[in-house]
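Here are my notes for when you open this one up. Have the viewer ready and go through the points in any order you like.

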Amino acid sequence: MSALNISSFIWGIADDVLRDIYVRGKYRDVILPMTVIRRLDAVLEPTKDAVLRMKAQLDAAGVANQDAALRQAAAESFYNTSPFRLRDLTSRARQQQLRADFEAYLDGFSPNVQEVLEKFKFRNQIPTLVEADALGFLLEKFLDGSVNLSPRPVFNADGSVRLDGLDNHSMGTVFEELIRRFNEENNEEAGEHFTPRDVVQLMARLVFLPVADEVESGTYLVYDGACGTGGMLTVAEETLTQLARERDKEVSVHLYGQEVNPETYAISKADLILKGEGAGADNLRYGSTLASDGFPAREFDFMLSNPPYGKSWKTDLQRMGGKSGIRDQRFVVEHGDIPDYSLITRSSDGQMMFLANMLSKMKQDTEIGSRIAEVHNGSSLFTGDAGQGESNIRRWIIENDWLEAIVALPLNMFYNTGIATYIWILSNRKPAHRRGYVQLIDATQWYGPLRKNLGKKNCELSKKDIERICDAFLAFEETEQSKIYCNETFGYHKVTVERPLRLEGVDPERRYTIREIRDLKGTHERTDTAPPVIRRIHKRSVGADPLRGLFAVTINSEPVIVEYEPDPDLRDTERVPLLEEGRIEGFLRREVLPHAPDAWYATKNIRVGYEISFIRHFFKPEPLRPLEEIRADILALDRGTKGLLAEIVGWD
């Protein structure tokens, strides 16, 4: 029986056993942990007696830390020390006895499995199953002789194979298929934790293809700081292993992840255990990536993630000491000549903080360095003013030349949102031809429709679509869908433009103190015809520079340089592109002084910001309709109004 047939069989158990006990959306609370339990039970059967003997010896010797020895006895990364096998429990007729024995059986699992059961909250389901007299029926279904969840084959009496064994990879396929079906069944909530497989496959190829020929036989670490059900990690492992194998390389891929949602954390950990990757399961961490980094000292070769976007991280912010109290070196860095450069974003949306977290874990001392792919919504491209967290992150990334490309995905690619989404691709080892440049790829039209909508997801990326996007990325050429810009294209100076305060009755030949200016504001009317209020007079050694607020005037027949008091009501800001001809002063002379000849800019208040506008760079104006076509439409409308329109406009 194939993995897909087995997953369909298990899916059917939900309808057979749970239909009148649970609402459909809650079937997963029972079926997923029971699938894990049954598989582990089947794997442990041959070494069950050896584990029980080892347990007795360790207890007799008073050994407290037994985990390593019991794993060795089980020949697996997990074990069960209860006296029961799952099939022993089906003969318990009385529900209360069955409940007690089943709970004792669960209590016998190793700590790593206990954590999975705890995060699934599976023990909370037992009273409901017992009350409905369904626990025994559920166990019998999972022990059905027509399905083999063991890695070993089942034989007929004559020694021939009746049912093939289910290897770890196939078991992983069974489990992932169940996860997918449950996620699609509950797509409104599941989209927070579940990235469609087509998007994950694209991300993995964008990460690995550029360096596929540079990958050597050896060990590579892959990380996801918002790992959800773990699908991104496992697809990344499969992709890297396949690309290495095609090049006659052998790689060992170690997976690391962190997840804050207990159920999805349990799923990701269980999935790795079922695939025989117990060490990988031990490398998963439960908790908030932002407030409690599970891997503070680790660096990774490859990182992929789909962090939550549009979601508040206010609770994490408070745990971290508040915006002014954060000293975490992931989010307060040294950049240029700024020793405490803040990457802390608004508390209403923490998606860019996850990107900053991954960037802090890049390898610095390897040939490949680190490569990153992360999904974001459109706000990550432009929110945050110059000097604020989101803009600072973009500036930090681009000025360090880490951003290789951003790919705009088709709309409605995800289960719980139809908004625009983008894949950011970053590396701290850009190839020479990419250095100093960023590639933007518009893949919004490269997709195929789904036969049936899955929540808001109504389209998918076929293999051909994924290849097309990857080809555009690897080609690094200017096309209608691929644009290449130098890094400075996305930067700008935010400049404060001042105009002088002009008040009636001001003496144009004296300096006013701060208190006098305050009093004048309260008692005198503003007017465009009055002379400016002088707040400072400089010595002659200071040269005039009107654009910087230093004006040459005559006071008491003496030429001096003065600074005027700015009028806050006339204050304005301008965004001056970094590539602007003549920089800030050239911009002001062309765009500001013709309209406000007395304006100057505040040199101490200049801020650098970065934003990326796909709309501007890929804008395609609609061609104007021919005048004759427009006139024909108007005449048709006129006929409908019985000549009233012609009478109004004076047409014959």
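What follows is a set of numbered points, going from the whole chain down to single residues.

1. First, a reminder on provenance: this is a predicted model. Every value below is computed from that model.

2. Overall shape. The chain has a radius of gyration of 33 Å, whereas a compact globule of 652 residues would come in near 26 Å. The C-alpha trace spans about 115 × 80 × 55 Å along its principal axes. If you want a pair of residues to hang that on, try Ala632 and Asn148: their C-alpha atoms are separated by 73 Å, and the two positions lie 484 residues apart along the chain when you count the offset in sequence.

3. Make-up and packing. You'll find 24 helices and 22 strands in the chain. Of the 652 residues, 51% are buried. Among contacts with a separation of 6 or more, 74% join residues 24 or more positions apart. The accessible surface is about 31100 Å², and carbon and sulfur atoms hold 48% of that.

4. Cavities. A probe the size of a water molecule, rolled over the atoms, shows where empty space is left. Here that gives three cavities of 30 Å³ or more, and the largest cavity holds about 50 Å³. Which residues line the largest cavity? They are Asp41, Leu44, Glu45, Lys48, Asn80, Phe84, Arg85, Tyr105 and Phe109. By class, that lining has four nonpolar, four charged and one polar residue, so the polar class is represented by Asn80, since Asn is neither in the nonpolar nor in the charged set.

5. Helix α18 is worth a look. Running over residues 389-399, α18 has ten of its eleven residues buried. The buried set is Gly389, Glu390, Ser391, Asn392, Ile393, Arg394, Arg395, Trp396, Ile397 and Ile398. Charged side chains are part of it, among them Glu390, Arg394 and Arg395.

6. Just past that helix sits Asp401, in the loop between α18 and β10 (403-408). Most residues other than glycine have a negative phi. Asp401 has a positive phi of about 60° although it is not a glycine. Is Asp401 buried or exposed? Asp401 counts as buried because its relative accessibility is 19%, and the cut-off for buried is under 20%.

7. Ala75 also has a positive phi, near 60°, and is a residue other than glycine. Ala75 belongs to the loop between α4 (67-74) and α5 (95-107). Its relative accessible area is 57%, so Ala75 is exposed; exposed means over 50%.

8. Arg371 is the one I'd zoom in on for packing. Arg371 is in strand β9 (residues 371-377). With a relative accessible area of 2%, Arg371 is buried. Leaving out residues up to four places away in sequence, Arg371 touches Leu206, Val207, Pro210, Val211, Asp301, Phe302, Met303, Glu404, Ile425, Leu426, Ser427 and Phe473. Asp301 and Glu404 are the charged residues to pick out of that list.

9. Back to Ala632 from point 2. Ala632 lies in helix α23 (residues 627-640). Why does Ala632 count as partly exposed? Because its relative accessibility is 41%, which falls between the 20% and 50% cut-offs.

Terms used:
Residues are numbered from 1 along each chain as its sequence is written. This is a predicted model: local features need pLDDT of at least 70, side-chain atom pairs count only at pLDDT 80 or more; totals for chains, interfaces and linings use all residues. Side-chain values use heavy atoms; hydrogens and water are left out. On a 1 Å grid over the protein atoms alone, a cavity is a set of points where a 1.4 Å probe fits but cannot get out, and a pocket is an open set with protein on both sides within 12 Å along at least five of seven lines; lining residues have an atom within 4 Å of a point. Grid points are joined across faces, edges and corners, and a volume is the space filled by probe spheres set on the points. Helices (H or I, at least four residues) and strands (E, at least two) are DSSP runs, numbered from the N terminus. The radius of gyration is taken over C-alpha atoms; the globule rule is 2.2 Å times the number of residues to the power 0.38. Buried means under 20% relative accessible area, exposed over 50%, partly exposed in between (1.4 Å probe, protein chains only). Contact means heavy atoms within 4.5 Å. Accessible areas come from the Shrake-Rupley method with a 1.4 Å probe; for residues, only the protein chains shown count as cover.
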